[in-house]
Amino acid sequence: MNYFNPQMELTEINKMSTLSLAHIGDCVYELLTRTMLCTQGSKSVRRLHFRTVSLVNAAAQAEAMKKILPMLTDDELAVYKRGRNAKVNSVPQKATVGEYHSATGLEALFGWLYLQGKEERINLLFTAMMGDNDAA
């Protein structure tokens, strides 16, 4: 198994729990965000950290999700909704329940795409979400 680019079969991915997909998708989203910020030029680590935190939180992810919702295929929308509707045990203080559920759906979608090896699709969606946010 290539853990950096797993390219799992869809039947195996669909057997995973929604929160497992969100678990890996959270990492994928944060890695993309950190990569975007680092490639935009030299910044202090402190500034990189604060900018990352401002983009990788439930409220920001929920807002970003609104930008790509019309772009999703039927299958992607189904995964997002499955993640959005997942039962979670707690919600961060700085997020509403709705924002947290939307962010969980986004993370599940990114995890689902990542495990399939759909790098181009992830990049397309991420770029669309970051359209106005990519200036640090």
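Two residues are in contact when heavy atoms of theirs lie within 4.5 Å. Keep that in mind as you move through this predicted model.

**Stop 1: Thr 33**

Select Thr 33, which you will find in helix 2, residues 18–39. Is Thr 33 buried or exposed? Its relative accessible area is 0%, so Thr 33 is buried. Now show what surrounds it. Leaving aside residues up to four places away in sequence, Thr 33 touches Thr 52, Leu 55, Val 56 and Phe 126. Remember Phe 126, as you will select it again shortly.

**Stop 2: the aromatic rings**

Stay in helix 2 and select Tyr 29. How many aromatic pairs does a search of the whole structure find? The search finds two. To see one of them, add Phe 110 to your selection: the ring centres of Tyr 29 and Phe 110 are 5.7 Å apart, with 70° between the planes, an edge-to-face pair. Tyr 29 belongs to helix 2 and Phe 110 to helix 6, so this pair ties together parts that are 81 residues apart in sequence. Both Tyr 29 and Phe 110 are buried.

Next, add Phe 126. Its ring and that of Tyr 29 have centres 5.7 Å apart and planes at 80°, so this pair is edge-to-face as well. Here, too, distant parts of the chain are linked: Tyr 29 sits in helix 2 and Phe 126 in helix 7, 97 residues apart. Tyr 29 and Phe 126 are both buried. Show the three residues together and you have a cluster, in which ring pairs link Tyr 29, Phe 110 and Phe 126.

**Stop 3: helix 5**

Move on to helix 5, residues 74–84, and colour Glu 76, Val 79, Tyr 80 and Gly 83, which are buried. Try looking down the helix axis. Why are these residues on the same side of helix 5? They cover an arc of only 100° around the axis, and that puts them on the same side. Which helices do the buried residues of helix 5 pack against? Display helix 2, helix 4 (58–68), helix 6 (97–116) and helix 7 (119–129) to see these packing partners.

**Stop 4: Gln 7**

For the last stop, go to the segment before helix 1 (10–14) and select Gln 7. Check its backbone angles. Most residues other than glycine have a negative phi. Gln 7 has a positive value, with phi near 45°, although Gln 7 is not a glycine.

Note on methods
Residues numbered from 1 in each chain as written. Predicted model: local features only at pLDDT ≥ 70, side-chain atom pairs only at ≥ 80, totals over all residues. Heavy atoms only, no water. Helix = DSSP H or I, 4+ residues; strand = E, 2+ residues; numbered from the N terminus. Buried < 20%, exposed > 50% of the residue type's maximum accessible area, 1.4 Å probe, protein only. Arc of directions from axis to C-beta. Phe/Tyr/Trp six-rings, centres within 6.5 Å; stacked < 30°, edge-to-face > 60°.
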